[in-house]
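Subject: Structure handover

Hi,

Here is the structure I promised to pass on. My notes on what turned up in it follow below.

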Amino acid sequence: MNWLKNDIGFDGWRLDFARGYSPQITKIYMDNTVPNFAVGEVWNSLSYRQDGKPNYNQDSHRNELAGWVRTAGGIVTAFDFTTKGILQQAVLDELWRLKDSNGNPPGMIGILPQNAVTFIDNHDTGSTQNIWPFPSNKIMQGYTYILTHPGIPSIFYDHFFQWGLKEEILKLTAIRRRNAIGPTSRVRILASDSDLYVAMIDEKIIMKIGSRYDVGNLVPQDFHIATSGQDYCVWEKKGAAYIITWSSNL
């Protein structure tokens with residue numbers, strides 16, 4: 001691994017099927033190679049109800065991910081399968097799932113966001129294997145969530161290059177970068193109903209997903225629409241417009 005890093009030029013590792021060996025082994029890899037970034041695939045099933053839908057409370061699932069990270073030394077990150085599983089069910093008019101019993105995000109990003117790599121799909125869950133796909137007509141709602149929320153969001157190659165979503169996704173990444181939204185950004189959930197989820201992040205941006213158009217008085221007058229699309233919208237404070245204008249002239 002050090003040969004790959006030092007001689008070939010790899011910066012980090014994706015640890016496939018990381019639940020197949022002890023996290024102490026992962027710690028050995030991390031301690032002896034010191035990568036710039038590493039993420040582990042610890043993919044275990046969520047808990048489900050008899051009707052096949054996920055249980056509302058997935059604390060044991062996300063705690064398992066956080067426990068793996070800590071046992072592996074606390075530096076490595078993990079794919080946030082908890083957030084993926086909850087989010088892809090929530091966008092099916094069950095957006096109430098996106099707030100846990102303490103009023104926080106219900107996935108790993110709600111307890112250890114700096115070590116949580118969020119994603120919508122990957123080569124296993126989507127693409128040609130399609131084992132556990134995100135609803136295809138809700139993809140941009142998913143990206144609106146992960147690209148405005150804490151954690152370390154990742155973008156699936158297929159969605160970016162093959163699905164015609166590049167420009168919409170780039171608008172969201174620009175908003176995240178422009179407002180310095182990061183892994184430990186603070187989320188204040190303003191609404192979490194079946195057809196509407198609204199959250200303010202770092203008091204800088206407000207995002208909305210869900211089929212309900214009217215958000216009432218949840219968006220203050222000093223916020224303006226930065227981007228929008230089918231069942232999603234992101235607002236930012238009007239002061240950010242100066243940054244947009246300045247950046248466009250670079």
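Val34 comes just after helix H2 and takes a positive phi of about 45 degrees. The model is predicted, so please read every value here as computed from it.

Two aspartates also have a positive phi although neither is a glycine. For Asp93 the angle is about 60 degrees. Asp93 sits in the loop between helix H4 (81–90) and strand S4 (116–118), and is partly exposed at 45% relative accessibility. For Asp202 the angle is about 55 degrees. Asp202 sits in the loop between strands S7 (196–201) and S8 (205–209), and is partly exposed with a relative accessible area of 25%.

Back to H2, which spans residues 23–33. Which of its residues are buried? They are Pro23, Thr26, Met30 and Thr33. These residues cover an arc of only 100 degrees around the axis, so they lie on the same side of H2. The buried residues of H2 pack against H1, strand S1 (12–15), S2 and H3. Gln24 lies in H2 too, but is partly exposed, with a relative accessible area of 44%. The C-alpha atoms of Gln24 and Arg70 are 9.9 Å apart, with their positions 46 residues apart along the chain.

Next, Gln58. This residue is in the loop between strand S2 (37–40) and helix H3 (59–71). Is Gln58 buried or exposed? Its relative accessibility is 2%, so Gln58 counts as buried. A polar atom of the Gln58 side chain lies 2.9 Å from the backbone oxygen of Asn55. Leaving aside residues up to four places away in sequence, Gln58 touches Leu46, Ser47, Thr82 and Ile86.

On the surface, Trp3, Ile8 and Phe10 form a nonpolar patch. Together they have about 360 Å² of accessible area. Ile8 belongs to helix H1 (residues 2–8) and is partly exposed, with a relative accessible area of 49%.

Now the salt bridges. Side chains of opposite charge can pair when their charged atoms come close. The count here comes to 14 salt bridges. Three of them are described below.

- Arg62 pairs with Asp59, and the closest N and O atoms are 3.0 Å apart. Both lie in helix H3, three residues apart, about one turn of the helix. Arg62 is buried at 4% relative accessible area, whereas Asp59 is partly exposed at 27%.
- Asp16 pairs with Arg14, and the closest N and O atoms are 2.9 Å apart. Asp16 is partly exposed, with a relative accessible area of 44%. Arg14 is partly exposed as well, at 35%.
- Arg212 pairs with Asp195, and the closest N and O atoms are 2.9 Å apart. Arg212 lies in the loop between S8 and strand S9 (223–229), and Asp195 in the loop between strand S6 (187–193) and S7, so the pair ties together parts that are 17 residues apart in sequence. Arg212 is partly exposed at 30% relative accessibility, and Asp195 is partly exposed at 25%.

Salt bridges that share partners also join Arg14, Asp16 and Glu41 into one network.

One last residue is Lys171, in helix H7 (residues 166–178). Lys171 is partly exposed, with a relative accessible area of 48%. The C-alpha atoms of Lys171 and Ala226 are separated by 8.3 Å, and the two residues are 55 residues apart along the chain.

Best wishes

Conventions. Residues are numbered from 1 along each chain as its sequence is written. This is a predicted model: local features need pLDDT of at least 70, side-chain atom pairs count only at pLDDT 80 or more; totals for chains, interfaces and linings use all residues. Side-chain values use heavy atoms; hydrogens and water are left out. Helices (H or I, at least four residues) and strands (E, at least two) are DSSP runs, numbered from the N terminus. Buried means under 20% relative accessible area, exposed over 50%, partly exposed in between (1.4 Å probe, protein chains only). A polar contact is a pair of N or O atoms within 3.5 Å; within protein, one must be able to donate a hydrogen and the other to accept it, and residues adjacent in sequence count only if both atoms are side-chain atoms. Contact means heavy atoms within 4.5 Å. Patches are made of residues with over 30% relative accessible area and no salt bridge: like charges are joined within 9 Å, nonpolar side chains (Val, Leu, Ile, Met, Phe, Trp, Tyr) within 5 Å. Accessible areas come from the Shrake-Rupley method with a 1.4 Å probe; for residues, only the protein chains shown count as cover. A salt bridge is a side-chain nitrogen of Lys or Arg within 4 Å of a carboxyl oxygen of Asp or Glu. The arc is that of the directions from the helix axis to the C-beta atoms.
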